[in-house]
Amino acid sequence: MAITLNNGFKMPIIGLGVWRMEGKAIKDIILNSIKIGYRHFDCAADYKNEAEVGEALKEAFDSGLVKREDLFITTKLWNSDHGHVLEACKDSLKKLQLTYLDLYLVHFPVAVRHTGVGNTSSPLDDDGVLDIDTTISLETTWHAMEDLVSSGLVRSIGISNYDIYLTRDCLAYSKIKPAVNQIETHPYFQRESLVKFCQKHGICVTAHTPLGGGAANTEWFGTVSCLDDQVFKDLAEKYKKTTAQIALRWGIQRNTVVIPKSSKLERLKENFQVFDFELSKEDLKLIGNLDKAYRTNQPAVFWGINLYA
């Protein structure tokens with residue numbers, strides 16, 4: 001099952017996010033995911049594991065497990081490389097051992113002090129606050145992204161963590177419209193206005209943190225997951241599915257792409273088994289009533305500044 005982007009390319013509606021996957025385990029996770037049926041992998045320079053993902057992809061291609069054209073590979077431009085878009089893209093391609101990307105995203109709508117291509121740091125100033133570069137506009141960054149499409153390095157370009165205002169601006173100054181806006185959205189943080197705005201203007205919404213963050217965000221940010229909500233437990237029992245499967249199915253029925261993360265084989269299988277049932281309108285409404293405007297991903301913990309304020 002796939003969503004057709006505004007440029008005609010098809011994006012699988014479920015993918016595997018590789019955030020916080022580390023070391024040699026990545027190869028087995030990627031290869032097992034492909035065997036399960038995953039064809040969409042969501043990467044980022046800042047995840048610091050593109051090289052390991054690249055080794056896994058190379059083995060998958062060389063062994064005949066899958067062809068390059070059968071996969072949809074996303075990665076992202078980090079904040080410190082806004083003034084070096086071409087070099088950063090080429091660096092990611094080299095690490096991933098690919099000749100083109102299916103999708104390249106501006107990871108966050110902020111440029112920070114450059115620390116060297118491929119060195120995806122978040123430099124702080126003397127006050128412990130993110131060292132934001134005020135000389136590079138998002139429009140300048142976007143036009144450099146457009147050049148990547150023209151050069152054939154990237155098939156689709158998009159944005160990530162953009163609100164309605166920034167998305168509207170990008171639509172206004174773009175020659176190539178963003179194909180995707182990847183945002184945090186889940187039953188506790190539904191962001192219906194932003195989702196509908198993007199979809200109205202032909203921008204596919206990808207839901208990162210579609211399960212509300214789980215253990216990873218609890219560990220880093222102290223947040224709670226919607227999967228522990230009694231409504232989800234009741235729905236899981238009703239549909240004979242896991243709470244995660246209910247949340248992912250809800251995301252799919254919103255016409256959003258979902259990219260859950262897991263390192264466990266059984267969980268990988270479960271997360272992919274969401275196409276054999278459908279939530280009723282009544283149950284979609286029930287989940288809709290759970291919205292708490294509750295953001296679980298909080299980079300301000302590391303940056304010393306709340307960019308969402």
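This short presentation covers the nonpolar cores of the structure above, and then its cavities and one of its pockets. Please bear in mind throughout that the model is predicted.

I begin with the interior. In soluble globular proteins, nonpolar side chains tend to be buried together. The largest nonpolar core here comprises 78 residues, and the members that touch the most others are Tyr104, Met145 and Ile246. Among the contributors to this core, helix α9, spanning residues 243–253, gives the most, namely six residues. Apart from it lies another core, of eight residues, which includes Ile183, Val195, Cys198 and Val205.

Let me stay with Tyr104 for a moment. Which residues does Tyr104 contact, once its neighbours within four places in sequence are left aside? They are Thr75, Lys76, Leu77, Val85, Ala88, Cys89, Met145, Leu148, Val154, Ser156, Ile157 and Gly158. Met145 therefore appears twice in this account: as a contact of Tyr104, and beside Tyr104 among the core members that touch the most others, a core being a set of buried residues joined through side-chain atoms within 4.5 Å.

I turn now to empty space. Rolling a probe the size of a water molecule over the atoms shows where such space is left. How many cavities of 30 Å³ or more are there? The count comes to two.

The largest cavity has a volume of about 40 Å³. Its lining consists of Ala45, Glu50, Asp81, Ala88, Asp91, Ser92, Lys95, Gly118 and Thr120. By class, these divide into four charged, three polar and two nonpolar residues. Helix α3, residues 85–96, gives the most to this lining, with four residues. Ala88, one of the lining residues, is also in contact with Tyr104.

The second largest cavity holds about 30 Å³ of space. It is lined by Thr185, His186, Ala207, Pro210, Ala247, Trp250, Gly251, Arg254, Thr256 and Val258. Here the division is five nonpolar, four polar and one charged. Helix α9 gives the most to this lining, with three residues; as noted, α9 also gives the most to the largest nonpolar core.

Finally, I come to a space of the open kind. About 210 Å³ lies in the second largest pocket. Phe108, Pro109, Val110, Asn161, Tyr162, Asp163, Leu166, Arg191, Arg295, Leu307, Tyr308 and Ala309 form its lining. Of these, eight are nonpolar, three are charged and one is polar. The charged residues are Asp163, Arg191 and Arg295, because Asp and Arg count as charged.

That concludes the presentation.

Conventions: Residues numbered from 1 in each chain as written. Predicted model: local features only at pLDDT ≥ 70, side-chain atom pairs only at ≥ 80, totals over all residues. Heavy atoms only, no water. Buried < 20%, exposed > 50% of the residue type's maximum accessible area, 1.4 Å probe, protein only. Helix = DSSP H or I, 4+ residues; strand = E, 2+ residues; numbered from the N terminus. Contact = heavy atoms within 4.5 Å. 1 Å grid on protein atoms, 1.4 Å probe; cavity = no way out; pocket = protein on both sides within 12 Å on 5 of 7 lines; lining within 4 Å. Points joined across faces, edges and corners; volume = space filled by probe spheres on them.
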